[in-house]
Amino acid sequence: MAFLTLEDETQMIDVAIMPRLYGQIKGSLQENQIILLNGKKDRKDSILAQKIQILSFDL
């Protein structure tokens with residue numbers, strides 16, 4: 001299991017990632033990276049991740 005903190009200009013939220021999903025993405029995750037996350041709200045300030053997609057942009 002892994003934990004992330006996501007933030008934007010308005011707030012921060014904690015994300016829990018189950019071992020199976022983490023195993024699929026752990027080699028691709030980097031700090032300050034843009035991701036697309038689908039999940040369920042666990043508590044007021046946390047999400048349980050169900051799907052994470054790493055976004056990349058060619059400039």
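## A walk from K40 into the core

Select K40 to begin: leaving aside residues up to four places away in sequence, K40 touches S46, I47, L48 and Q50. Keep in mind as you go that this is a predicted model. K40 lies in strand β3, and with a relative accessible area of 53% it is exposed, since the cut-off for that class is over 50%. Now add V15 to the selection. The C-alpha atoms of K40 and V15 are 9.7 Å apart, although 25 residues separate K40 and V15 in sequence.

**Next stop: the β3 and β4 pair**

Colour β3 (35-43) and β4 (46-54). These two strands run antiparallel and are joined by eight bridges. Follow the chain from β3 to β4 and you pass through a hairpin of two residues. For one facing pair, pick L37, which stands opposite I52 in β4.

**The salt bridge**

Show the side chains of R43 and D45. They meet in a salt bridge, with 3.9 Å from N to O. How many salt bridges does the count come to? The count is one. R43 is exposed at 51% relative accessibility, while D45 is partly exposed at 40%.

**Two neighbours in β4**

Two of the residues that K40 touches, I47 and L48, are worth a stop each. I47 is found in strand β4. Beyond four places in sequence, I47 touches I13, D14, V15, A16, L37, G39, K40, K41 and D42. For a longer view, draw a line from I47 to S28: their C-alpha atoms are separated by 20 Å, with the two residues 19 apart along the chain.

L48 is also found in strand β4, and it is partly exposed, with a relative accessible area of 32%. Add M1, F3 and M18 to L48 and you have a nonpolar patch on the surface. Together these four residues have about 420 Å² of accessible area.

**Inside: the nonpolar core**

Which residues make up the largest nonpolar core? Select A2, I13, V15, I17, L21, I25, I35, L37, I47, A49 and I52, eleven residues in total. At least two of them come from each of β2 (12-17), α1 (19-25), β3 (35-43) and β4 (46-54). In soluble globular proteins, nonpolar side chains tend to be buried together.

Centre on I35, one of the core residues. Not counting residues up to four places away in sequence, I35 touches L6, L29, I52, Q53, I54 and L55.

**Out again: the loop between α1 and β3**

From I35, step across to L29, which lies in the loop between α1 and β3. Its contacts, aside from neighbours within four places in sequence, are L4, Y22, I35 and I54. Is L29 buried or partly exposed? At 21% relative accessibility L29 counts as partly exposed, because buried means under 20%. Add I52 and compare positions: L29 and I52 are 23 residues apart in sequence and 9.9 Å apart in space, C-alpha to C-alpha.

Finish in the loop between α1 and β3 with N32. What stands out in its backbone is a positive phi of about 65°, although N32 is not a glycine. Most residues other than glycine have a negative phi. N32 is exposed, with a relative accessible area of 76%.

Conventions:
Residues are numbered from 1 along each chain as its sequence is written. This is a predicted model: local features need pLDDT of at least 70, side-chain atom pairs count only at pLDDT 80 or more; totals for chains, interfaces and linings use all residues. Side-chain values use heavy atoms; hydrogens and water are left out. A nonpolar core is a set of buried Ala, Val, Leu, Ile, Met, Phe, Trp, Tyr and Cys residues joined through side-chain atoms within 4.5 Å. Buried means under 20% relative accessible area, exposed over 50%, partly exposed in between (1.4 Å probe, protein chains only). Helices (H or I, at least four residues) and strands (E, at least two) are DSSP runs, numbered from the N terminus. Contact means heavy atoms within 4.5 Å. Two strands pair if DSSP finds at least two bridges between them. Patches are made of residues with over 30% relative accessible area and no salt bridge: like charges are joined within 9 Å, nonpolar side chains (Val, Leu, Ile, Met, Phe, Trp, Tyr) within 5 Å. Accessible areas come from the Shrake-Rupley method with a 1.4 Å probe; for residues, only the protein chains shown count as cover.
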